[in-house]
Amino acid sequence: MGEKRSGVWWWCLMVVMVVKCINGEDPYRFFNWNVTYGDIYPLGVKQQGILINGQFPGPPIESVTNDNLIVNVFNSLDVPFLISWNGVQQRRNSWQDGVYGTNCPIPPGKNFTYVLQVKDQIGSFFYFPSLDFHKAAGGYGGIKISSRSVIPVPFDPPAGDFTILAGDWYKQNHTDLKAILDSGHDLPFPDGLLINGRGSGGYTFTADQGKTYRFRISNVGITTSINFRIQGHKMILVEVEGTHTLQNAYDSLDVHLGQSYSVLVTADQPPQDYYIVVSTRFTSEVLNATSIFHYSNSAGSISGPPLVGPTTDIDWSLNQARSIRRNLTASGPRPNPQGSYHYGMINTTRTIRLTNSAPIIGDKQRYAVNGVSFISADTPLKLADYFKIDGVFTVGSILDNPTSGGGYLQTSVMEADFRGYVEVVFENSEGIVQSWHIDGHHFFVVGMDGGQWSDASRSSYNLRDTVARCTVQVYPKSWTAIYMPLDNVGMWNVRSENWARQYLGQQFYLRVYSPANSWRDEYPIPTNALLCGRAAGRTKQPQN
């Protein structure tokens with residue numbers, strides 16, 4: 001084992017040297033992770049969890065804009081494993097995205113070193129295990145990308161910076177949940193909610209009276225939206241997935257699957273303990289979990305029951321979503337103001353309409369996009385594309401518009417031109433909230449409303465100050481429209497953040513293509529890339 005690890009460290013040192021040569025002044029941060037099973041008791045029942053360095057949730061990644069992150073992952077599980085990086089854009093580098101469409105899984109007993117750069121990014125994100133149903137066993141953790149010291153931030157430095165990783169949880173092991181889905185059935189209702197891997201009362205955040213703290217809140221759950229609130233305290237929203245926002249005050253905040261928000265909270269109440277509450281949204285049964293916001297000079301314990309939040313009211317949530325606006329004068333990751341990019345004045349080159357559905361295919365429950373229920377190929381799509389392996393996927397196997405009729409199984413890949421600027425409309429005819437994520441890109445949420453989208457819906461678009469983000473909700477019987485610059489060459493996953501729906505086919509891949517075949521547009525295949533399926537044994541040749 002020592003000989004194996006010393007070889008890995010030598011490889012990591014070589015990676016560091018290459019990164020330093022390529023990026024010059026951009027610093028690097030090194031992480032060495034061991035992924036194992038371990039016993040966890042988040043809801044009081046013993047379960048098999050996925051731990052990183054013995055931790056659940058996993059260790060945080062703290063970085064600064066343009067940092068290079070070298071994450072060496074040892075897979076000590078008995079099954080293949082991958083980690084993906086929700087919100088990290090992987091500029092020119094879908095090779096590191098960590099989903100099966102781009103990467104071969106890390107075999108049991110082996111390691112893989114991810115080399116990421118958080119290029120031109122700030123904000124709050126998270127990582128998670130992307131294969132099978134591992135996400136239901138843990139293996140996730142927070143990602144913070146701070147602004148460079150020379151870039152002004154539109155609020156004073158907080159006294160502390162807390163990460164909240166919240167979401168629904170099941171008492172059943174992830175293997176049992178996967179078996180339910182594989183048998184053609186949907187998951188039951190979750191058993192509870194967790195805050196940072198613990199049930200109610202399991203976590204305390206300590207504050208000094210009069211000081212202001214930053215809370216970075218991510219919904220890392222499987223099936224449900226949540227609402228977040230702190231008893232007796234206003235929350236000032238300051239950032240949404242890398243965009244500085246207008247600093248509106250909220251009593252509570254809806255956080256949909258896969259989304260991340262940052263709020264400032266001032267400890268300006270009498271010195272005692274207060275509830276931090278998360279609860280499920282749009283569910284007939286409401287689940288709650290609490291943590292404690294503890295004043296360091298607390299003179300008393302919590303009084304009264306936990307706050308009751310919104311439950312099934314959609315209009316309330318829709319209006320809140322529309323109130324979240326971009327701070328046009330604040331700098332983003334670069335010194336120029338966020339408002340200097342006039343996204344609403346750029347002509348779109350294409351409209352893509354995506355409709356989710358829940359077809360029964362072969363007597364089993366599946367989920368689909370534009371009638372296509374995604375199935376994984378025997379070879380990662382990025383490798384098949386790179387090595388020009390026929391028969392793995394067909395470009396254009398999912399259409400730009402919804403189709404009538406039932407669903408069918410297909411390894412669905414949509415073609416897209418590098419430097420295009422597309423309008424994407426997510427249409428949800430079902431009675432539950434949808435949450436959509438697009439890897440490798442940010443997009444501008446220009447509109448959302450109830451009913452059927454039409455060309456006339458564009459008259460309601462916000463073309464001035466909406467936020468740019470990577471995950472967006474679509475309310476029941478509603479639509480959401482985005483504008484997205486196709487500025488990142490690669491093979492990118494477009495997926496439902498409802499993990500059961502994603503697992504059963506509500507996803508596809510967007511192939512953003514440049515004919516230039518240049519390092520200027522996309523990095524070459526990594527020298528340590530794992531090769532599997534029909535790509536096994538191939539020679540990795542750099543691009544011209």
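Visitor: Over which residues does pLDDT stay under 50?
Guide: This is a predicted model, and the mean pLDDT of the protein chain is 94. Of its residues, 95% reach 70 or more. The stretch you ask about still has 26 contacts beyond four places in sequence in the model. pLDDT stays under 50 over residues 1-23.

Visitor: How many aromatic pairs does the structure hold?
Guide: A pair of aromatic rings is described by the distance of the centres and the angle of the planes. Some ring pairs join up, linking Phe162, Tyr203, Phe205, Tyr213, Phe215, Tyr274, Phe293 and Tyr295 into a cluster. The number of aromatic pairs in the structure is 29.

Visitor: Why is the pair of Trp33 and Tyr127 called tilted?
Guide: Let's look at the rings. Their centres are 4.7 Å apart. Planes under 30 degrees apart would count as stacked and over 60 as edge-to-face. The planes of Trp33 and Tyr127 fall into neither group, so the pair is tilted, with an angle of 35°.

Visitor: How many residues apart in sequence are the parts that Trp33 and Tyr127 tie together?
Guide: Trp33 belongs to strand β1 (residues 28-40), while Tyr127 belongs to strand β7 (residues 123-129). Both residues are buried. Because they sit in these two strands, the pair ties together parts separated in sequence by 94 residues.

Visitor: Is the pair of Tyr461 and Tyr483 stacked or edge-to-face?
Guide: Tyr461 is in the loop between β31 (443-450) and β32 (468-469), and Tyr483 is in strand β34 (residues 478-485). Both are buried. Their ring centres are 5.9 Å apart and their planes stand at 80°, so the pair is edge-to-face.

Visitor: Which ring does the charged end of Lys382 sit over?
Guide: There are two such arrangements to visit here. The charged end of Lys135 sits over the ring of Phe128, 5.0 Å from its centre. For Lys382, the charged end is 4.9 Å from the centre of the ring of Trp95.

Visitor: Which residue in β17 is the bridge partner of Asn227?
Guide: Strand β13 (residues 226-230) pairs with β17 in the antiparallel sense over 4 bridges. In β17 (residues 252-255), Leu253 and Val255 point one way, Ser252 and Asp254 the other, and all are buried. The bridge partner of Asn227 is Asp254.

Visitor: Is His174 buried or exposed?
Guide: His174 is in helix α2 (residues 174-182). Beyond its neighbours within four places in sequence, His174 has contacts including Tyr37, Gln48 and Phe133. Under 20% relative accessible area means buried. His174 has 4% relative accessibility, so it counts as buried.

Technical notes. Residues numbered from 1 in each chain as written. Predicted model: local features only at pLDDT ≥ 70, side-chain atom pairs only at ≥ 80, totals over all residues. Heavy atoms only, no water. Phe/Tyr/Trp six-rings, centres within 6.5 Å; stacked < 30°, edge-to-face > 60°. Buried < 20%, exposed > 50% of the residue type's maximum accessible area, 1.4 Å probe, protein only. Lys NZ or Arg CZ within 6 Å of the ring centre and 35° of its normal. Pairing = 2+ DSSP bridges. pLDDT = per-residue confidence, 0-100. Contact = heavy atoms within 4.5 Å.
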